[in-house]
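Hi everyone, thanks for making the time. Let me put the model up on the screen, and then I'll talk you through it.

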Amino acid sequence: MATLSNQTFNDESIAVDDNRYEKCTFVNCTLVYSGGTLPVFADCKFDNSTIELGGAASNTITYLSGMYQGGLLTQVGAVVKDLQRGKLPGPEPAVVDNESVYTGTNFRQLGVYSGILVIITALLIIAYWYGAYWHPTNNILGGDVVQPLSSEIPLELMPILPDDLAATYDELNDGQRDQLAVRGWVDESAGIAHITIDDASAWMVANGAPEFAAQGE
Amino acid sequence: MASVENTVFQNEAVAVDGTQFKNCTFSNATLVFAGGDLPSFVDCQFRSVALEFDGAAVNTFKFLTGMQAGGFSQAVSGILAGIRQR
């Protein structure tokens, strides 16, 4: 590295690669850097001077520009952003996958959402049970609200049915069928008898339907 | 300039200086540029690629950030702004 001390540069284009400048003054100069060994400026003054890139340094900027125009907007943007902030681009800038983003696993969030889903499902089941079984009501649009039978007819007014209702019915039914199958007296003293269904059917076929006297005649 | 054609680069770092890539696919790859001859990409596809820099390219970044801190922020901003001008 060459060292230049106490010099003044006026209106010049200076290649600065691999040089050390001590207490130098640059007036209206262009400092040209080409990507080589970094220059050092110690106690120097700059007056209306600028910088310019050449060689490999210029290639680097051209490369970035080309990749940006080629579609790597995010990647190049990240590099530029780092440089603007005064920091060197990381060794491995974030890889941006435009097709998908890997978010990793978040079991805690999964558990929370699952819990919420279970609670909602349970509430729906309870609501269905309440409406369909515990307190069912049929509401017809514009009609009266129909209450369950137990509330429409008070229990104390409902007819009391025998416990052995089925047996009682069967016995009554059998008795009536037996009566229809045999001839007998209903009231012998009054001369009222009962005949079988078959007898009655045959008589009606032969004689037609009987005429009954009106009540009171 | 070296030429590479019909190649798929997957999960690897690829040095791109001075190379022409034709009909290549870069998938989950890192493109490494060191400030050398500019690469060329013709009919290539890029999927999940990262940019990495080495050699003179890194020196360039160091020079720019150093000069930015040393009072040349306007000049450096102008250079960086030119990168994203399409």
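I'll start with the ground rules, then take the two chains, their interface, one helix and the salt bridges.

This is a predicted model, in which local features need pLDDT of at least 70 and side-chain atom pairs count only at pLDDT 80 or more, while totals for chains, interfaces and linings use all residues. Residues are numbered from 1 along each chain as its sequence is written, chains are lettered from A and ligands numbered from 1 in the order in which they are written, and side-chain values use heavy atoms, with hydrogens and water left out.

First, the chains. Helices and strands here are DSSP runs (H or I of at least four residues for a helix, E of at least two for a strand), numbered from the N terminus. Chain A has six helices and eleven strands. Chain B has two helices and nine strands, and its order from the N terminus is β-β-β-β-β-β-β-β-β-α-α, with the two helices at the end of that run.

For burial, I call a residue buried under 20% relative accessible area, exposed over 50%, and partly exposed in between, using a 1.4 Å probe and protein chains only. On that scale, 44% of the 86 residues of chain B are buried, and 19% of the 217 residues of chain A are.

A contact means heavy atoms within 4.5 Å. In chain B, 3% of the contacts between residues at least 6 apart in sequence join residues at least 24 apart. For chain A, residues 24 or more positions apart make up 3% of the contacts with a separation of 6 or more.

Now the interface. How many residues of chain B are in contact with chain A? There are 39 of them, meeting 45 residues of chain A. The size of an interface is often given as the accessible area lost when the parts come together. That buried area, taken with a 1.4 Å probe and summed over both parts, is about 3,800 Å² here, 74% of it on carbon and sulfur atoms. Three residues, B:Leu51, B:Phe63 and B:Ile83, supply 19% of what chain B buries against chain A, more than any other three.

What about charges and polar groups across that interface? A salt bridge is a side-chain nitrogen of Lys or Arg within 4 Å of a carboxyl oxygen of Asp or Glu, and the rule finds zero of them between chain B and chain A. A polar contact is a pair of N or O atoms within 3.5 Å; within protein, one must be able to donate a hydrogen and the other to accept it, and residues adjacent in sequence count only if both atoms are side-chain atoms. Seven residue pairs, both at pLDDT 80 or more, are in polar contact between the two chains.

On the chain B side, the elements giving two or more residues are β6 (30–33), β8 (45–47), β9 (50–53), α1 (55–69) and α2 (73–83). Of these, α1(B) gives the most, with eleven residues.

So let's look at that helix. α1(B) has 15 residues and reaches 22 Å from its first C-alpha to its last. The expected span is 1.5 Å times one less than the number of residues, and α1(B) is close to the resulting 21 Å. Its buried residues include B:Ala57, B:Phe61, B:Leu64 and B:Gln68. An α-helix has 3.6 residues a turn, so residues three or four places apart point the same way. Just after α1(B), B:Gly71 takes a positive phi of about 110°.

One residue to click on is B:Thr65, which lies in α1 of chain B. B:Thr65 is buried, at 13% relative accessible area. A polar atom of its side chain lies 3.1 Å from the backbone oxygen of B:Lys62. Leaving out residues up to four places away in sequence, B:Thr65 touches A:Leu83, A:Gly86, A:Lys87 and A:Leu88.

A:Lys87 brings us to the salt bridges. The whole structure has three over all chains.

- A:Asp82 pairs with A:Lys87, closest N and O atoms 3.8 Å apart; A:Asp82 is buried at 14%, and A:Lys87 is partly exposed at 44%.
- A:Arg20 pairs with A:Glu22 at 2.6 Å; A:Arg20 is partly exposed at 29%, as is A:Glu22 at 27%.
- A:Arg183 pairs with A:Asp199 at 2.5 Å, linking the loop between α5 (165–181) and β10 (184–187) to helix α6 (residues 197–207) of chain A, 16 residues apart; A:Arg183 is exposed at 62%.

That's my tour, and I'm happy to take questions.

Technical notes: Buried area is the accessible area (1.4 Å probe) that two parts lose on being put together, summed over both.
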